[in-house]
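Q: Please take a close look at one part of this protein and then place that part in the setting of the whole chain.

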Amino acid sequence: MSNATDTVMGFKKAMGKGDWKNARGFLADEISFVGPFDSFSKPDDYLAALQKLHHIVERVEMKKTFTDGDDVCMLYDMVTNTPAGTAFVTEWYKVKGGKISSIRAVFDARPFAPMFNK
């Protein structure tokens, strides 16, 4: 694995365990997160949003990880305990200086919209 892959996998592992302090250590102090519902520029705001949703995720079934230098792309099924069920998710990470500086998440958000009143 590359250093970028190690960084992203470490972040995902910490998140999966609900270890928010350790997860924060993988994020740059300035981050760009863009997803279907929210965008964040501060890592603590991003983590706060993840903490609110953590309880709906039963598991993540990793399908494929691609790495190109400091870019890491992950494809996985996010299995939830909600009526929305399972979502196929793509995340594109950019790693700079050993920290995640950018995340772009893409998935069909329509089944989750009622949870967010959107």
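A: In this predicted model, the protein contains 4 helices and 6 strands. Read along the sequence, these elements follow the pattern α-α-β-β-α-β-β-β-β-α.

The part chosen for the close look is Thr5. This residue lies in helix α1, which spans residues 3–16. Thr5 has a relative accessible area of 6% and is therefore buried, since the term applies to values under 20%. Leaving aside residues up to four places away in sequence, Thr5 touches Thr65, Thr67 and Val72. A contact here means heavy atoms within 4.5 Å.

The setting of Thr5 can now be described for the whole protein. Of its 118 residues, 39% count as buried, and Thr5 is itself a buried residue. Among contacts between residues at least 6 apart in sequence, 44% join residues at least 24 apart.

The overall dimensions come next. For 118 residues, a compact globule would have a radius of gyration near 13 Å, and the 14 Å of the protein agrees with this. Along the principal axes, the C-alpha atoms fill a box of roughly 40 × 30 × 25 Å.

Surface and charge complete the description. The protein exposes about 6900 Å², of which carbon and sulfur atoms supply 53%. Its side chains include 16 positive and 15 negative ones, and the centres of these two sets lie 2 Å apart.

Terms used: Residues numbered from 1 in each chain as written. Predicted model: local features only at pLDDT ≥ 70, side-chain atom pairs only at ≥ 80, totals over all residues. Heavy atoms only, no water. Helix = DSSP H or I, 4+ residues; strand = E, 2+ residues; numbered from the N terminus. Buried < 20%, exposed > 50% of the residue type's maximum accessible area, 1.4 Å probe, protein only. Rg over C-alpha atoms; globule rule 2.2 N^0.38 Å. Areas by Shrake-Rupley, 256 points an atom, 1.4 Å probe, with all protein chains shown as cover. Lys, Arg positive; Asp, Glu negative; His and termini not counted. Charge placed at Lys NZ, Arg CZ, Asp CG, Glu CD.
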